Amino acid sequence: MQEFPKGFFWGAATSAHQVEGNNIHSDWWDWERKSPLIEPSGEACRHYQLFKQDFDLAKSLSHNAHRLSIPWSRIEPEDGRFDSREIEHYRDVILALKERNIEPIVTLHHFTSPLWFAKLGGWGSRKAEGYFCRFAEKVVESLSGEVKYWVTINEPIVYIYHSYILGAWPPHDKSFLRAFRVRQNMLLAHKRVYHQIHGIYRKAGLSSPLVSIAKNMQAFFSTSGSLRDKFALRLKRRLYNFEFLERLMSCSTLDFIGLNYYTRGVAGGSGWNLRSMLVDTDERVRSVFEKNYLGWDIYPQGLFDVLLSLKRYAKPVMILENGICTNDDRQRWEYIRAHLESVSCAMKQGCKVSGYIYWSLMDNFEWDQGFGPRFGLINVDYRDFKRTVRESAKRFAGVCRTGRLD
Ligand code: BGC
C-alpha cells in the first residue's frame, strides 16, 4: 500500500477553451471557423454555464484542488478593453471552488490568445511580453485575494513545437527563427509576470503566492545506439525537458515546478538536420507499449524518471497534468493507479511532490483532435451535456479521500 502525506493536493484540471464553449474572441476559434478540416469547439462542455454543477461533482469525488485557466480573449476581447463582467464571472468561478473547499490553481495562458493579439504578431511580436503582462496584472490584481497558486504559461515548449516547429496549430508559422523568438518572449513574459504577481501580493499585504509554469516533460529514448541517435536524444531531452525550466530556475522565478507528464518520447529520424532530430519519430506508433486512444505509449515508469530528474532543483513539484484518453475506463484507472505508484516511489526516493492533478475533470475538446479523445474522469454526452461520473473517477476518489493507494 502507498501512503501520501496529509495536505497533498488531489484534483483534476481543465482549460477554458477546451470546456467552456463559445470563446469567440480567440485565435483558435478563428481558425476553427476558417478551416473545414478541423472540428470546431462550439459549445464544448458548456462549462461556462455549468461550472457549479461540475464543481459539485469534483467535490463529491473528494477533490481538494482544481486547475483551470482564465482565457485572455474573454478578459480583453479588444486591445486595451477589459471586460469587467468577465472578470466577475471568474471571481464567481473561483469563489464556487473555495466554497467547496477546493483550492484553485489558475493558469493565465493555456494555448489560446485573443485574436487581436494574434493579428499583431502574437507571441512572435516584440510587444508580446508587454501585452501579456498588462492582461496578467489586471487579472491578478482582481483575484489576488482569492488565489494562491498561479501558473503563468501552460507548456511553452509544446505550444512552440505545434505552432512554430510543426506549424500545425495557430498561428501555423513554421519557422525556427520565430520559434526561438517566441521562446524568448515567453521566458521574458514569465519572469516579468512572476515578479508582478509577487509585487501585487506584497503591496496588498497578502501572504506570498506560489507561481510556476506547467512544464510538459517526457521520458526520452533513442531509436538506436548510433552516434547520431544518441546526439538526437541528448538534444531533444535538453531542449524539450530542461532548457526552458533551467532558464527560469537560474533567475529564481519558479516557486514550485508544475509538471505535466503523459508519455515517453523517441528521438531518431534520419540525417543530421535539426528538424528531423526534433520532430517525433513514428517509432512510437510501432513500439510494443500499450497505447492510449491517440497512440501515445503508456509508460508510468517515465513519471518516476522525470520526477527523479527534477530532484536536483530542490523545489517542490506539483503534478498539474497526467491523464489518458481512452474508451476503456478500466484502462484509465490502471493508468492512474500505475502513475500514482510511480509518484509514491519517487517520493520515497526523496522527491518532494505536493499534489497530483489529473487531466481532465471531464471529457473535452482536444485541440486539433476534436472531441474524439476522452480524457475525462466524467463522461460528457455532447448531445445534451449530461455528465456521468466514470468508475475510474470513483476509484480515484477513494485515493483522494484516504490518501492511500491499495
Ligand atoms: C495540454 C492539454 C491537453 C492535454 C492532452 C496537455 O498537453 O495542456 O490542453 O488537452 O495535454 O493532450
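This briefing walks through the main features of the structure above, topic by topic. The model is predicted. Its largest nonpolar core has 131 residues. Helix 8 is mostly covered, with nine of its 10 residues buried. On the surface, Leu227, Phe231 and Trp272 make a nonpolar patch of about 390 Å².

**The nonpolar core**

- Five residues have the most contacts inside the largest core: Trp123, Trp150, Leu307, Tyr356 and Phe396.
- Helix 9, spanning residues 176–203, gives the most to this core, with 10 residues.
- In soluble globular proteins, nonpolar side chains tend to be buried together.
- Phe396 has a long list of partners beyond four places in sequence, among them Trp10, Gly11 and His63.
- The other partners of Phe396 are Trp333, Ile336, Leu340, Tyr356, Tyr358 and Leu377.
- Tyr356, which Phe396 touches, is itself among the residues with the most contacts in the core.

**Helix 8 and what it packs against**

- Helix 8 covers residues 156–165.
- Its buried residues are Pro156, Ile157, Val158, Tyr159, Ile160, Tyr161, Ser163, Tyr164 and Ile165.
- These buried residues pack against two strands, strand 5 (149–154) and strand 6 (210–222).
- They also pack against helix 9, helix 10 (227–250) and helix 11.
- Just before the helix, Glu155 lies in the loop between strand 5 and helix 8.
- Phi of Glu155 is near 40 degrees, a positive value in a residue that is not glycine.
- Glu155 counts as buried because its relative accessibility is 5%, below the 20% cut-off.
- After the helix comes Gly167, whose phi is also positive, near 70 degrees.

**Arg183 in helix 9**

- Arg183 is part of helix 9.
- Is Arg183 buried or exposed? Arg183 is buried, since its relative accessibility is 9%.
- The side chains of Arg183 and Gln184 are joined by a polar contact of 3.0 Å.
- Beyond four places in sequence, Arg183 touches Ile160, Glu243, Phe244 and Arg247.
- Of these partners, Ile160 is one of the buried residues of helix 8.

**Met362 and the loop after strand 9**

- Met362 sits in the loop between strand 9 (353–359) and strand 10 (378–381).
- Met362 is buried because its relative accessible area is 0%.
- Leaving out residues up to four places away, Met362 touches Thr14, Val19, Cys45, His47 and Asp54, among others.
- Its contacts also include Gly376, Leu377, Ile378, Val380 and Arg387.
- Met362 and Ala58 are 304 residues apart along the chain, yet their C-alpha atoms are separated by 9.8 Å.
- Ser360 belongs to the loop between strand 9 and strand 10 as well.
- The peptide bond joining Trp359 and Ser360 is cis, with omega about 15 degrees.

**Thr388 in strand 11**

- Thr388 is in strand 11, which runs over residues 386–389.
- Thr388 counts as partly exposed because its relative accessibility is 36%, between the 20% and 50% cut-offs.
- Beyond its neighbours within four places, Thr388 contacts Leu377, Ile378 and Asn379.
- Leu377 and Ile378 are also touched by Met362.
- Thr388 and Gly403 are 15 residues apart in sequence and 24 Å apart in space, C-alpha to C-alpha.

**The surface patch**

- Which residues make the nonpolar surface patch of about 390 Å²? Leu227, Phe231 and Trp272 do.
- Trp272 is in the loop between strand 7 (257–267) and helix 11 (274–278).
- Trp272 counts as exposed because its relative accessibility is 53%, over the 50% cut-off.

**Other backbone features**

- A second cis peptide bond runs from Pro170 to Pro171, with omega near 10 degrees.
- Pro171 lies in the loop between helix 8 and helix 9.
- Ala314 is not a glycine, yet its phi is positive, about 50 degrees.
- Ala314 is located in the loop between helix 13 (301–310) and strand 8 (317–321).
- Ala314 counts as exposed because its relative accessibility is 56%.

Technical notes. Residues are numbered from 1 along each chain as its sequence is written. This is a predicted model: local features need pLDDT of at least 70, side-chain atom pairs count only at pLDDT 80 or more; totals for chains, interfaces and linings use all residues. Side-chain values use heavy atoms; hydrogens and water are left out. A nonpolar core is a set of buried Ala, Val, Leu, Ile, Met, Phe, Trp, Tyr and Cys residues joined through side-chain atoms within 4.5 Å. Buried means under 20% relative accessible area, exposed over 50%, partly exposed in between (1.4 Å probe, protein chains only). Helices (H or I, at least four residues) and strands (E, at least two) are DSSP runs, numbered from the N terminus. Contact means heavy atoms within 4.5 Å. A polar contact is a pair of N or O atoms within 3.5 Å; within protein, one must be able to donate a hydrogen and the other to accept it, and residues adjacent in sequence count only if both atoms are side-chain atoms. Patches are made of residues with over 30% relative accessible area and no salt bridge: like charges are joined within 9 Å, nonpolar side chains (Val, Leu, Ile, Met, Phe, Trp, Tyr) within 5 Å. Accessible areas come from the Shrake-Rupley method with a 1.4 Å probe; for residues, only the protein chains shown count as cover. A salt bridge is a side-chain nitrogen of Lys or Arg within 4 Å of a carboxyl oxygen of Asp or Glu.
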